[in-house]
Amino acid sequence: MQIKENISLKAFNTFGIEAKAKYFTEVNNITEINSIIKNPIFKGSNFLLLGGGSNILLTKDFDGIVVKINNKGIEIEKVDSEFVYLKVQAGEVWEEFVNHCVHNNWGGVENLTLIPGNVGTCPVQNIGAYGVEVKDVIQSVEAIDIVNGETIVFSNEECKFGYRSSIFKNEAKDKYIITAVNFRLTKKPVFITHYGDVNKELEFMNVKPSIFHISKAIEAIRRRKLPDPKLKGNAGSFFKNPSISTAKYEELAAEFPRLRAFPSGDGYKLAAGWLIEKSGWKGKSLGNAVVHHKQALVLINKENASGKEILALAKAIQLEVFNLFGVDLEMEVNVI
Ligand code: EPU
């Protein structure tokens, strides 16, 4: 394990933002993870733990140590008549893990096809798409306590999962390094195809739902709607869909009959993409930062935008949406 100095992070964030890390290292196994947390440079610096870099916006050079978590491995822990139990190391790429499950016909993650990022970061923001959240298949999360090096296992319940949220975004933030995620996948899948255009896509493909076909359908929908981060730097949804009270929903629905909202908890969730589109920002740019013309929730690095330029666009959108609807748009992406 080598600690490098003054390293560009451009290749390590899907926005493709140029920013430098004072120190940078990659840890490839548990021994290296245990060793980095005892290293004097780590102990004496700010640190940033990095998985696939798909949910961060770097707005300046990082004056500390960036640790890229790279431990690999997918192991079958147990199989019974209904389920397959897997331990997956944090550095596995999420999409490769999904492909592995789809090809083995293990159900549960096919709706989460083509989400950028790594396995170790999927519980942090409880990734979700097309009617499934990763919390639905996570049994537990293994982590190392950064202060004392002890291993700790968080059960699904202890992870306190919520919409794009978990304990790792709140009280456990920066206290642990997630080393592995334990999944329970099913050999008798229940297909979830009601969300968005999934059923329509399956009909168009002229196929019956199966793990493989749902994965292919979602891949096709995502490729049409969402920009490929390899070609156009982005971090998926930049904002969360905001939760509002029923009273606020009724007030807005009366004023905007085409409002896109759905019941959630004891109130409603609004489609942030619709709010942004209505506020006039869809397809518009500010400097080199642009709002994707097919999905307004996604902000794109057009041509070597700085993180500050992307953040300025995000703030302009928040202001406009607040002025028009009186609703706060919360960022899903972590601004560093
Ligand atoms: N909409 C618009 N204009 C837009 C975008 C969306 O009017 O520019 C409307 C759509 O017509 C639809 C509604 O908003 O009626 C919802 O849109 P969509 O189904 O595309 O989903 P979303 O709520 O915008 C969420 C996730 C996505 C996930 C999709 C599909 C969040 C913040 N985003 O988007 O996740 O892929 O559902 O399940 O919850 C991500 O987190 O990075 C991500 C891409």
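Relative accessible area sorts residues into buried (under 20%), exposed (over 50%) and partly exposed (in between), computed with a 1.4 Å probe on protein chains only. The model shown is predicted, so local features need pLDDT of at least 70 and side-chain atom pairs count only at pLDDT 80 or more, whereas totals for chains, interfaces and linings use all residues. Residues are numbered from 1 along each chain as its sequence is written, and side-chain values use heavy atoms, with hydrogens and water left out.

**View 1. A strand-to-strand salt bridge between Lys-22 and Asp-63.** The closest N and O atoms of Asp-63 and Lys-22 are 3.9 Å apart, which satisfies the salt-bridge rule (a side-chain nitrogen of Lys or Arg within 4 Å of a carboxyl oxygen of Asp or Glu). Because Asp-63 lies in strand S5 and Lys-22 in strand S2, the pair ties together parts that are 41 residues apart in sequence; helices (H or I, at least four residues) and strands (E, at least two) are DSSP runs numbered from the N terminus. Lys-22 is partly exposed, with a relative accessible area of 41%, while Asp-63, at 55%, counts as exposed. By this rule the count comes to 12 salt bridges.

**View 2. The largest nonpolar core, with 46 residues.** A nonpolar core is here a set of buried Ala, Val, Leu, Ile, Met, Phe, Trp, Tyr and Cys residues joined through side-chain atoms within 4.5 Å. The members that touch the most other members are Phe-238, Phe-239, Leu-275, Ile-276, Leu-299, Ile-310 and Ile-317. Among the elements that each supply at least two residues of this core are strand S2 (20-27), strand S5 (62-69), helix H7 (272-278) and helix H8 (307-325). Helix H8 gives the most, with seven residues. At least three residues of this core come from each of domain 1 (4-69) and domain 3 (233-335), the bounds being taken from an automatic or database domain assignment. A second, separate core of 41 residues includes Val-84, Cys-122, Phe-154 and Ala-172.

**View 3. The surroundings of Phe-239.** Contact means heavy atoms within 4.5 Å. Not counting residues up to four places away in sequence, Phe-239 touches Ile-276, Leu-297, Ala-314, Ile-317, Gln-318, Leu-329, Glu-330, Met-331 and Glu-332. Two of these partners, Ile-276 and Ile-317, are also listed with Phe-239 among the residues that touch the most other members of the largest core.

**View 4. The meeting of domain 2 and domain 3.** The protein chain is divided into domain 1 (4-69), domain 2 (74-186) and domain 3 (233-335), and the centres of domain 2 and domain 3, taken over C-alpha atoms, are separated by 27 Å. Four residues of domain 2 are in contact with five residues of domain 3. Between them the two domains bury about 510 Å², 39% of it on carbon and sulfur atoms, where buried area is the accessible area (1.4 Å probe) that two parts lose on being put together, summed over both. On the domain 2 side, Tyr-163, Arg-164 and Lys-169 lose the most area to domain 3, together 83% of what that side buries. The count between domain 2 and domain 3 is one salt bridge.

**View 5. The salt bridge between Arg-164 and Glu-332.** The closest N and O atoms of this pair are 3.4 Å apart. Arg-164 is buried, with a relative accessible area of 13%, and Glu-332, at 6%, counts as buried too.

**View 6. Ser-279 and Leu-324 beside the salt bridge of Glu-277.** Ser-279 is found in the loop between helix H7 and strand S17 (285-286) and is buried, with a relative accessible area of 11%. Leaving aside neighbours within four places in sequence, Ser-279 is in contact with Glu-320, Val-321 and Leu-324. Leu-324 lies in helix H8 and, at 37% relative accessibility, counts as partly exposed; with the same exclusion, Leu-324 is in contact with Phe-256, Lys-278 and Ser-279. The C-alpha atoms of Leu-324 and Glu-277, which are 47 residues apart along the chain, are separated by 12 Å. Glu-277 forms a salt bridge with Lys-282, the closest N and O atoms being 3.0 Å apart; Glu-277 is partly exposed at 42%, and Lys-282 is partly exposed at 27%.
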